[in-house]
Amino acid sequence: MNNLIRFDNVTFSYGSRNVLENIDLEVREGEFLAVLGYNGSGKSTLAKLINGILVPTSGKVYVDGMDTSDENMLAEIRKTAGMVFQNPDNQIVATIVEEDIAFAPENLGLDPAEIRVRVDDAIKAVGLEKHIKDAPHKLSGGQKQRVAIAGVLAMQPRCIILDEPTAMLDPKGRSLVMGVIERLNREKGITIILITHFMEEAALADRIMILSDGRVAVNDTPKKVFSDRDRMISLGLEVPPVTELTLNLIRNGLPLEKDTIHPEELIDSLLKMKEEEA
Ligand SMILES: Nc1ncnc2c1ncn2[C@@H]1O[C@H](COP(=O)(O)OP(=O)(O)OP(=O)(O)O)[C@@H](O)[C@H]1O
Ligand SMILES: [Mg+2]
């Protein structure tokens, strides 16, 4: 299996304090990894180490085999692994949506016909075809964040790292952005690294990594991770709302599975119980 991203015993410090310590991490091509951890646990630092905004104090980070501390590789690394940040307003650079999305590929010096194709593909992938000529500042937060994602997509990256992309969005914007992220992963095979504080978003990933005190505390599937509620609480986190609800129903005597992490699973189980009663 091809590892697109690899951390090899990475330690990082701002000044004398280690923010990340001895991190080993491998992300396979096509994988969807969610990264969790309480505030200040080092998640954003980890993201910035992937595309060379930061370089390790010791150890190595590789993106498709390229060493992020090799400055000659930085442009290629950033083409391979694109970043989306929390605040959509800070990521918009142009006054028309299509120009904003074309910005990065134009800087690559691609020819205009190729740029046109990439911009149209990216706009379609995020579902904003109707807004191609709009002014970004008139869009909702969720739409702006999808413009930012499209801008990264136009670089045709193999991996996208998203650092709390839904934190500033309303529920509708959040669900549309998450829909886009899931589709890019499932349909286009783009490797996703999603940093989030929303447990229900992490439940959609193939794997969850939890940072605590600068170390990897947990690295497992969402079902395994969320079925240990006590451990999540001890890490300063929680389980998805649907898991919390299911555990409550179990305490009240309903025969449900404690590793229920998707709303559809609970609905199915309840409907099955109803059928069996009838
Ligand atoms: N530029 C900096 N200089 C010094 N310390 C920093 C800097 N950036 C972050 N830190 C510290 O490093 C630690 C990890 O920060 P980081 O931003 O990676 O955490 P995080 O997990 O992303 O937090 P949050 O959930 O709040 O986004 C924190 O203690 C933070 O205060
Ligand atoms: Mg952060």
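Reader: How do the residues of the shell around ligand 1 divide into nonpolar, polar and charged?
Author: This is a predicted model. In it, the shell around ligand 1 has 2 nonpolar, 7 polar and 1 charged.

Reader: Which residues are around ligand 1?
Author: Y14, V19, G37, N39, G40, S41, G42, K43, S44 and T45.

Reader: Which helix gives the most to that shell?
Author: Helix α1, residues 43-50. It puts in 3 residues.

Reader: Switching to the fold. How many helices and strands in the protein chain?
Author: There are 11 helices and 10 strands. The chain is as compact as a globular protein of its length, because its radius of gyration is 20 Å and the globule rule gives 19 Å for 278 residues.

Reader: What box do the C-alpha atoms fill?
Author: Roughly 65 × 50 × 35 Å, along the principal axes.

Reader: And what share of the residues is buried?
Author: 41% of the 278 residues.

Reader: What about contacts between residues at least 6 apart in sequence?
Author: Of those, 63% join residues at least 24 apart.

Reader: Backbone next. What is phi at E164?
Author: Positive, about 50°, and E164 is not a glycine. Most residues other than glycine have a negative phi.

Reader: Where does E164 lie? Buried or exposed?
Author: E164 is in the loop between β7 (159-163) and α6 (171-188). It counts as partly exposed, because 19 other C-beta atoms lie within 10 Å, and buried takes 20 or more.

Reader: And D213, what is its phi?
Author: Near 50°, again positive in a residue other than glycine. D213 sits in the loop between β9 (207-212) and β10 (215-220). With 15 other C-beta atoms within 10 Å, D213 is partly exposed.

Conventions: Residues numbered from 1 in each chain as written. Chains lettered and ligands numbered in written order. Predicted model: local features only at pLDDT ≥ 70, side-chain atom pairs only at ≥ 80, totals over all residues. Near = placed C-beta within 6 Å. Helix = DSSP H or I, 4+ residues; strand = E, 2+ residues; numbered from the N terminus. Nonpolar A, V, L, I, M, F, W, Y, C, P; charged D, E, K, R; others polar. Rg over C-alpha atoms; globule rule 2.2 N^0.38 Å. Buried ≥ 20, exposed ≤ 12 C-beta atoms within 10 Å, placed from the backbone. Contact = placed C-beta atoms within 7 Å.
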